[in-house]
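User: Please give a close look at a single part of the structure shown below, and then set that part in the context of the whole chain.

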Amino acid sequence: MAIINLTPDSFFAGSRVNAQDFEAKFLKAVEEGADIIDIGACSSRPGSVAVTQEQEWQRLENALDILKSLRSGVQISIDTFRSGIVRKAYDKIGPFIVNDIYAGAADKAMLKTVEKLELPYIAMFNKPLERGLNAPTPFDQIISFYENFPLTDKMIIDPGFGAFSGKTVEENYNIFDNLPALKRFGRPILVGISRKSMVYIPAGKTPETCLEETLALEKRAIELGADILRVHDVAPIKELLR
């Protein structure tokens, strides 16, 4: 899954495009071998400024118009937590994957909307972690979350790596090391760790300089059972996994 952000403030500058550059970025991801292309128009990095639904749609609409003419054959995913965006996008391009970083918690109409439209849905764990001497491990909290989540056969599990969801580097690795246990739910597992803090902080690097470490951890994620990798760098990871 290749990442394209129609935002000016996503944490990795290499993922950002404006409306004029979208088509070239999209076609490059297709050429490099992306199976899914994830398009986001609302940044979720730590400290990002929230945009309204109208602003999010304004960023997204032109890109979707371009998609209709490209006929690339790759699957499209839209990174949004708003059911209103899902409905508008569906009316414009038809079925796609919904990538919801709040797993329906930010918009109570989301789960009913994707069910009605019969759309594949990525439900990401993004709840504040319980902490303290008697608190469950971060991974146990994720297991409990999905045990109580209304998973369907169209859903994909995303344990939610990254600092934006309030997890420390150590907590992220507790979750990462336990990925195989998520197989119990019988749903595909998405891992999005590309150039994130759990990669670059231990290496003493930045998002821009941690490609080697990102690729190594993404390869390990596949070994631990990940079914989908959400990445900034399509060609290098395709080559590594070949």
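Analyst: Leaving aside residues up to four places away in sequence, Thr214 touches Ser194, Arg195 and Val199, a contact being a pair of heavy atoms within 4.5 Å. The model is predicted, so local features need pLDDT of at least 70 and side-chain atom pairs count only at pLDDT 80 or more, while totals for chains, interfaces and linings use all residues. Residues are numbered from 1 along each chain as its sequence is written, and side-chain values use heavy atoms, with hydrogens and water left out.

Thr214 belongs to helix α8, residues 211-223; helices (H or I, at least four residues) and strands (E, at least two) are DSSP runs, numbered from the N terminus. Its relative accessible area is 1%, so Thr214 is buried, where buried means under 20% relative accessible area, exposed over 50% and partly exposed in between, with a 1.4 Å probe and protein chains only.

One of its partners, Arg195, is found in the loop between β7 (190-191) and α7 (197-203). Arg195 has a relative accessible area of 5% and is therefore buried as well. Its phi is positive, about 60 degrees, although Arg195 is not a glycine. Ala103 is likewise a non-glycine residue with a positive phi, of about 50 degrees. Ala103 sits in the loop between β4 and α4, and it counts as buried because its relative accessibility is 6%.

Strand β7 (190-191) also leads to the surroundings of Val191. Not counting residues up to four places away in sequence, Val191 touches Phe161, Leu179, Ala221, Ala226, Ile228, Leu229 and Arg230. Val191 is among the residues with the most contacts inside the largest nonpolar core, which has 62 residues; the others named are Phe26, Ile37, Leu60, Tyr146, Phe176 and Leu182. Such a core is a set of buried Ala, Val, Leu, Ile, Met, Phe, Trp, Tyr and Cys residues joined through side-chain atoms within 4.5 Å. Helix α2 gives the most to this core, with six residues. Another core, of seven residues, lies apart from it and includes Met1, Ile156, Leu190 and Ile228. In soluble globular proteins, nonpolar side chains tend to be buried together.

Elsewhere in the chain, helix α3 (residues 83-93) has Ser83, Gly84, Ile85, Val86 and Ala89 buried. Their cover includes α2 (53-70), β3 (75-79), β4 (97-100) and α4 (110-117). Just after α3, Gly94 takes a positive phi of about 80 degrees.

Helix α9 (residues 234-241) contains Glu239. Because its relative accessible area is 49%, Glu239 is partly exposed. Glu239 and Ile97 are separated by 142 residues in sequence and by 25 Å in space, C-alpha to C-alpha.

For the chain as a whole, the secondary structure comprises nine helices and eight strands. Of the 242 residues, 51% count as buried. Among contacts between residues at least 6 apart in sequence, 65% join residues at least 24 apart. The C-alpha atoms fill a box of roughly 55 × 40 × 35 Å along the principal axes. The radius of gyration is 17 Å, which agrees with the value near 18 Å for a compact globule of 242 residues; it is taken over C-alpha atoms, and the globule rule is 2.2 Å times the number of residues to the power 0.38.
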